[in-house]
Amino acid sequence: MTRQTGTGKYEQLLVRCSSLEPVPTAVVHPCEETALTGALEAGAHGLIVPILVGPEAKIREVAEHSGLTLGTTRIVDVPHSHGAAAKAVELVRKGEAELLMKGSLHTDELLGAVVARDIGLRTGRRISHVFIMDVPTYHKVLIITDAAINIAPALEDKVDICQNAIDLAIALGLERPKVAILAAVETVTSKMPATIDAAALCKMADRGQIKNGQFDGPLAFDNAISKEAAQIKGIRSDVAGDPDILLAPDLESGNILAKNLSFLANADSAGLVLGARVPIILTSRADSVRSRIASCAVAALAAHARRRSQVVTA
């Protein structure tokens with residue numbers, strides 16, 4: 001991704017998608033206006049081919065009430081949200097869909113079907129969440145992880161959380177993403193376990209236990225984002241002031257950080273769940289149209305990167 005200031009960071013993702021085929025996407029229980037609108041808009045932009053999974057009568061009722069045209073959009077009729085989640089996962093396992101998109105059901109209900117033993121979409125990786133943020137005051141797209149799934153990740157969990165985010169950043173066009181591991185301070189101390197995890201992660205990256213990223217940490221948020229702040233503290237780092245990925249110590253700090261940027265800095269945020277067999281698009285009612293479209297664009301790029309990796313390993 002070319003680094004740029006001001007607006008246009010998300011739009012650049014759309015440009016990258018313009019030459020790609022739309023990705024078949026199982027949209028789980030789109031029984032509310034914003035959920036259905038988001039899926040159809042992403043389809044109209046050529047990002048996905050939506051497959052609407054849920055009670056057909058309800059989906060058509062929502063479409064009619066909202067003035068939406070379903071046209072030839074495929075609908076897989078299942079009676080309730082729990083069944084929709086299970087059926088959508090089945091479509092992925094059968095190869096009929098390459099992405100999942102959350103509709104108007106609880107995230108826990110969708111992820112319950114994803115992680116179900118034997119019939120779900122588990123891999124050897126821990127599942128994690130990323131916010132892909134367009135912050136007006138930052139010079140490029142910024143990935144924040146994990147702010148929605150792993151409450152208090154252990155060191156081994158953070159390895160997978162980092163690798164998931166790095167793989168996504170590479171799918172977005174970066175060669176060696178820069179990862180800033182956040183803590184309250186930039187020095188290692190046993191009184192703050194997050195700083196010890198940060199030091200361990202940096203060494204693990206050096207030894208190849210985490211691949212294809214450039215790491216530094218622990219870094220306080222100001223040192224991570226501002227090169228000037230890092231220089232004042234005497235920190236010499238290629239990551240400080242220029243990270244692509246911010247690894248939060250825990251879910252609470254990551255969630256607060258992402259929402260601070262959204263509501264105080266007018267940042268747009270796209271959301272994905274990674275680490276399953278396919279990327280999972282998470283949207284909420286509060287998301288802007290731009291954010292919803294960006295979520296689908298990022299997921300589409302990740303799906304195409306997955307296709308390429310399967311060709312290489314075949």
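Here are two short exercises on helix H10 and the sheet in this predicted model.

**Exercise 1: Find the two sides of helix H10**

Work out which residues of H10 are buried and which exposed residues lie on the face turned away from them.

*Solution*

Step 1. Start with the helix itself: H10 runs over residues 251-264 and spans 19 Å from its first C-alpha to its last, close to the 20 Å expected.

Step 2. Pick out residues under 20% relative accessible area. In H10 these are Leu 251, Gly 254, Leu 257, Ala 258, Leu 261 and Ser 262. They lie on the same side of H10, because they cover an arc of only 140° around the axis.

Step 3. Recall the helix rule: an α-helix has 3.6 residues a turn, so residues three or four places apart point the same way.

Step 4. Now turn to the opposite face, where Glu 252, Ile 256, Phe 263 and Leu 264 are exposed.

Step 5. Look at what the buried side meets: its partners include strand E5, strand E6 and helix H8.

Step 6. Finish with the ends. Asp 250 caps the N-terminal end, with a side-chain oxygen 3.4 Å from the backbone nitrogen of Glu 252. Just after H10, Asn 266 has a positive phi of about 55°.

**Exercise 2: Trace the sheet**

Determine the strand order of the open sheet and name its edge strands.

*Solution*

Step 1. Follow the 11 strands across: E3-E2-E1-E4-E11-E10-E5-E6-E9-E7-E8, with mixed pairing.

Step 2. Look for strands that pair on one side only; these edge strands are E3 (74-77) and E8 (214-219).

Step 3. Zoom in on one pair: E7 and E9 are parallel, joined over 3 bridges. Ala 180 stands opposite Leu 246 in E9.

Key. Residues numbered from 1 in each chain as written. Predicted model: local features only at pLDDT ≥ 70, side-chain atom pairs only at ≥ 80, totals over all residues. Heavy atoms only, no water. Helix = DSSP H or I, 4+ residues; strand = E, 2+ residues; numbered from the N terminus. Expected span 1.5 Å × (residues − 1). Buried < 20%, exposed > 50% of the residue type's maximum accessible area, 1.4 Å probe, protein only. Arc of directions from axis to C-beta. Contact = heavy atoms within 4.5 Å. Polar contact = N/O pair within 3.5 Å; in protein donor to acceptor, adjacent residues only side chain to side chain. Pairing = 2+ DSSP bridges.
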